[in-house]
Amino acid sequence: MSWYNEAIFYHIYPLGLCGAPKQNEYTTPVHRLNTLLPWINHIKEIGCTALYIGPLFESVGHGYETTDYKKLDSRLGTNEDLTAFVKACHEKGIKVIFDGVFNHTGRDFFAFKDIQKNREHSQYLNWYCNVNFWGNNEYNDGFSYDNWGGYNLLVKLNQRNPEVQNYICDVIRYWVSEFDVDGIRLDAADVLDFDFMRALRRTAEEVKPDFWLMGEVIHGDYSRWVNGETLHSVTNYALHKALYSGHNDHNYFEIAHTVKYLQNMGNLDLYNFVDNHDVERIYTKLSNKAHFNPVHVLLYTLPGVPSIYYGSEFGIEGRKERSSDDSLRPALVLADYADAKETNPCTALVAALGKIRQNTPALNYGSYAELQLTNRQFAFARDLDGVRVVVTVNNDDNDAWMNLPAGNASEYVGTLTGQKVSVEGERINVCVHANSGEIWVPAGDMPEYTPVKVEVKEKAVKESVKEETPAAEETAVAEETTVAEETTVAEKTSATKTEEKETASESTDVNTISTATKETAATEEKVTEASEKSTAKEPVKVDPNKAPEDMTVEELQAAILAKMANNGPVTDQMKKTVDDNIWHDSLVNWLKSFR
């Protein structure tokens, strides 16, 4: 057991939060990082025990085009500022991890500038992938090279070069000796070389006990990255998607199915989140804003390490724009939210969940067992050393009763509401309020909680995604929150029809949900449309003897879908997810992740 097994993360994108200029003029440092010092108390007050902050180091613009790995970005301040900031976090008991952008560098990095100057004679020629002096690019360098994501601003490092490996490992040693950092989040880990990651893991074990390596991985079998040789954890994008769409579609089957899918990968301690600096804010994504409650109850209680992205604890909005991520990375003034813990229901909920998580070991280490599942209600247990914690969530506009198997206790207490229930016949009969969740613990066996009654304000409940937005923006949102991943369409339809009978006499709020019949029809219509679109494509023939690295993007997508088909039904959402991934390196690693 290590500190990260019990961590609750807070995530800061510092250039945004500090309001730094979009472009770095490499002038005299401005000490903006020091403005984040008051946030340390806030992080602790809402129950977070670790901070993921980055990117931090000298770069051209958004921070991921590094120009100097050993110098704090001048827009944020000096190395002394960063050392003092980490020390202040440690004094409050908060661990700190940095962003490690080791897949690529910016064009102003010393090794690339040497190639520009000395061309074929540069000693750093092999530091980058496929430098070709017969080619050219939009910068008129007189040569071409591999990049990340199609952007020549991001020059891909040759991670198989021992000199590059040694340099980056020395960077990690420097970050520990200079700043006392506790771990690294590896940017674009899904396209990092595996031998390179093994070298990073060996360095991690050398520099500091329990030094944590967490990688950004979107798709694939996460166990390929998370193991004893490479990384300790990766970003859980599979659960991220399920958490918001499972609520928007009133489909808890998607969330439960995703949890089972992840459990089948092994006992992985994944980094769970509902939003971050690359995706829309959870409050924006939710069709019914009241679902903020059950979404976060699940974030803090399902297996994995929970994380809160700065500002989302206040319920702020943030819609992804086609040409900019600025709205996802805003400058905030903490003083504007001084009393949020007492007056803002979103902040109160997050703070309560942080306290509960810290005082409930079963939520960190307990096994997972599904107890009850319908489209609109979901219950599961986390069991540890004879103690059973029961979690219940309800995405319906009406209260729901659930009768569930309990642990070896005579009474349970709801840690968010203070409601107490007796155990009868080794079961508890509990009321789960509309659009909410609860964490039930044995009374007396766990620390006493001060009940925190969290109610979403009426205005927030009545808000929905029917905000007036341009048609193109509505289309973008619709594309992201399309039909949920289901075990099968038949399962969803059957479950929904069963629920129709149970709720036929109940009224529904037209501003937040539709009837079960309309949901089923809409779901089937979406599936039909998606199916028609997917079948309209000309099939791509894949040569089984062709190496993944030599395949085209289309061939890789076809090969991945074939692998998926071997493992079970391929839903149209799964097809869309594959089609949406157009990055060659990511697809290569995804294809290789199948066993």
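Reader: Which residue follows helix 3 with a positive phi?
Author: This is a predicted model. The phi in question is positive, near 80°. The residue that follows helix 3 with this phi is G93.

Reader: How far apart are the end C-alpha atoms of helix 3?
Author: Helix 3 covers residues 79-91, which makes 13 residues. At 1.5 Å a residue, helix 3 should span 18 Å. The model agrees, because the end C-alpha atoms are apart by 18 Å.

Reader: Which helices and strands do the buried residues of helix 3 pack against?
Author: The buried residues of helix 3 are N79, D81, L82, F85, V86, A88 and C89. Their packing partners include strand 3 (57-59) and strand 4 (66-72). The others are helix 2 (37-45), strand 2 (50-53), strand 5 (95-100) and helix 5.

Reader: How do strand 1 and strand 2 run, parallel or antiparallel?
Author: Strand 1 covers residues 9-12, and four bridges join it to strand 2. H11 stands opposite Y52 in strand 2. The two strands run parallel.

Reader: Which residue of strand 5 does L51 stand opposite?
Author: Strand 2 also pairs with strand 5, over four bridges in the parallel sense. Side chains in a regular strand alternate between the two faces of the sheet. In strand 2, A50 and Y52 point one way, L51 and I53 the other way, and all are buried. Across in strand 5, L51 stands opposite V96.

Reader: What does helix 5 reach from its first C-alpha to its last?
Author: Helix 5 (residues 162-179) has 18 residues. At 1.5 Å a residue, 26 Å is expected. The model comes close to that, with a reach of 25 Å.

Reader: Which residue's backbone nitrogen does a side-chain oxygen of N161 reach at the start of helix 5?
Author: The side-chain oxygen of N161 comes to within 2.8 Å of this nitrogen. The backbone nitrogen belongs to E163.

Reader: Which side chain does the side chain of K208 make a polar contact with?
Author: K208 sits in the loop between helix 6 (194-207) and strand 10 (212-215). K208 counts as buried, because its relative accessibility is 16%, under the 20% cut-off. Beyond four places away in sequence, K208 touches H90, V176, D180, V181 and D182. The polar contact, at 2.8 Å, is with the side chain of D180.

Reader: What phi does D180 take?
Author: D180 comes just after helix 5. Its phi is positive, at about 65°.

Reader: Which strands stand at the edges of the open sheet of six strands?
Author: The order is 14-15-16-21-18-19, and the pairing is antiparallel. An edge strand has a single partner strand, so one side is left without a neighbour in the sheet. The edges are strand 14 (367-373) and strand 19 (420-422).

Reader: What does the twist average from one strand to the next?
Author: The figure belongs to the six-strand open sheet. From one strand to the next, the average twist is 25°.

Reader: Which residue stands opposite F380 in strand 16?
Author: Strand 15 (residues 377-384) and strand 16 (residues 387-394) run antiparallel. Eight bridges join them. Opposite F380, in strand 16, stands V391.

Reader: At about what angle does helix 10 run to strand 21?
Author: Helix 10 (residues 292-301) lies across strand 15, strand 16 and strand 21 (436-442). To strand 21, helix 10 runs at about 40°.

Methods:
Residues are numbered from 1 along each chain as its sequence is written. This is a predicted model: local features need pLDDT of at least 70, side-chain atom pairs count only at pLDDT 80 or more; totals for chains, interfaces and linings use all residues. Side-chain values use heavy atoms; hydrogens and water are left out. The expected span of a helix is 1.5 Å times one less than its number of residues. A polar contact is a pair of N or O atoms within 3.5 Å; within protein, one must be able to donate a hydrogen and the other to accept it, and residues adjacent in sequence count only if both atoms are side-chain atoms. Buried means under 20% relative accessible area, exposed over 50%, partly exposed in between (1.4 Å probe, protein chains only). Contact means heavy atoms within 4.5 Å. Two strands pair if DSSP finds at least two bridges between them. Axes are lines fitted to C-alpha atoms, for helices over the stretch in contact, and angles run from 0 to 180 degrees between N-to-C directions.
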